[in-house]
Amino acid sequence: YKGEDEQIASVASLDPDSGRVTVLIVNFAERYGSPRKVRLSAMNLPSSLDNGVCRQYLVDATHANLWHDPARCELSVVREAPIVSANAFDMLIELPNNSVTLLEMDIGSIP
C-alpha cells in the first residue's frame, strides 16, 4: 500500500490454497486529467509463482465498460508479464483516469 494518495487506492489478497495473488488498484483521478503511472513492486511472493504469469485486467472508458460499449463489457486480459522470480516482481502500469485494474499473479506461463 506504499504510495497511495487521495487518487490511488489498492488492496491485495493471497489465496493460501492455490498461492494466487491478486491486486486491485483504483485510479480516482478526475475524468480529464492525465493518466497515472503506478509501479507495483512485490517481494517474497509464494515460491509457487516462480516462472508464473501476471495477468492485467482493466476497466476504463474503452475496456470492459458496459456504458461505453455493451458489446465489449466482459473482462479480458490487456497485458501479461512473466514472473521470473517470486522473490522480486516489478511492473509499471499506466492507469487511465477513473479506472480499475486487477492484477492476477498465478502459476503458469504466457502462451
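Helices and strands here are DSSP runs: a helix (H or I) needs at least four residues and a strand (E) at least two. Keep that handy, and remember that this is a predicted model.

**Exercise 1. Work out how many helices and strands the chain has, and what pattern they follow.**

Step 1: Count the runs. You should get zero helices and seven strands.

Step 2: Walk along the sequence and write down each element as you meet it. The pattern reads β-β-β-β-β-β-β.

Step 3: Now check the overall build. The radius of gyration is 14 Å, close to the 13 Å from the globule rule for 111 residues, so the chain is as compact as a globular protein of that length. Its C-alpha atoms fill a box of roughly 40 × 35 × 20 Å along the principal axes.

Step 4: Look at who touches whom. Take the contacts between residues at least 6 apart in sequence: 70% of them join residues at least 24 apart.

**Exercise 2. Find which residues of the largest nonpolar core touch the most other members, and which strand gives the largest share.**

Step 1: Start with the idea behind it. In soluble globular proteins, nonpolar side chains tend to be buried together.

Step 2: Go to this chain, where 33% of the 111 residues count as buried. The largest nonpolar core has 20 residues, and Ile-25, Leu-45, Phe-89, Leu-103 and Met-105 touch the most other members.

Step 3: Trace the core back to the strands. S2 (21–27), S3 (36–43), S4 (52–59), S5 (77–83), S6 (88–95) and S7 (99–106) each supply at least two residues. The largest share, four residues, comes from S6.

Step 4: Zoom in on one member. Leaving aside neighbours within four places in sequence, Leu-45 is in contact with Val-21, Ala-86, Phe-89 and Met-105.

**Exercise 3. Decide whether Ile-93 and Val-21 are buried or exposed, then list some of their contacts.**

Step 1: Place them. Ile-93 lies in strand S6, and Val-21 is in strand S2.

Step 2: Use the cut-off for buried, which is under 20% relative accessible area. Ile-93 has 1%, so Ile-93 is buried. Val-21 has 9%, so Val-21 is buried too.

Step 3: Check the contacts, skipping residues up to four places away in sequence. Ile-93 touches several residues, including Ile-25, Val-38, Leu-40 and Leu-103. Val-21 touches, among others, Leu-14, Leu-45, Leu-49 and Met-105.

Step 4: Compare sequence with space. Ile-93 and Val-38 are 55 residues apart along the chain, yet their C-alpha atoms are separated by 5.1 Å. For Val-21 and Leu-103, 82 residues apart, the C-alpha separation is 8.2 Å.

**Exercise 4. Say what is unusual about phi in Asn-51 and Asn-98, and where these residues sit.**

Step 1: Recall the usual case. Most residues other than glycine have a negative phi.

Step 2: Read the angles. Phi of Asn-51 is near 60 degrees, a positive value in a residue other than glycine. Asn-98 isn't a glycine either, and has a positive phi of about 50 degrees.

Step 3: Find the spots. Asn-51 lies in the loop between S3 and S4, while Asn-98 is in the loop between S6 and S7.

Step 4: Sort them by accessibility, with exposed meaning over 50%. Asn-51 has 59%, so Asn-51 is exposed. Asn-98 has 45%, so Asn-98 counts as partly exposed.

Note on methods
Residues are numbered from 1 along each chain as its sequence is written. This is a predicted model: local features need pLDDT of at least 70, side-chain atom pairs count only at pLDDT 80 or more; totals for chains, interfaces and linings use all residues. Side-chain values use heavy atoms; hydrogens and water are left out. The radius of gyration is taken over C-alpha atoms; the globule rule is 2.2 Å times the number of residues to the power 0.38. Buried means under 20% relative accessible area, exposed over 50%, partly exposed in between (1.4 Å probe, protein chains only). Contact means heavy atoms within 4.5 Å. A nonpolar core is a set of buried Ala, Val, Leu, Ile, Met, Phe, Trp, Tyr and Cys residues joined through side-chain atoms within 4.5 Å.
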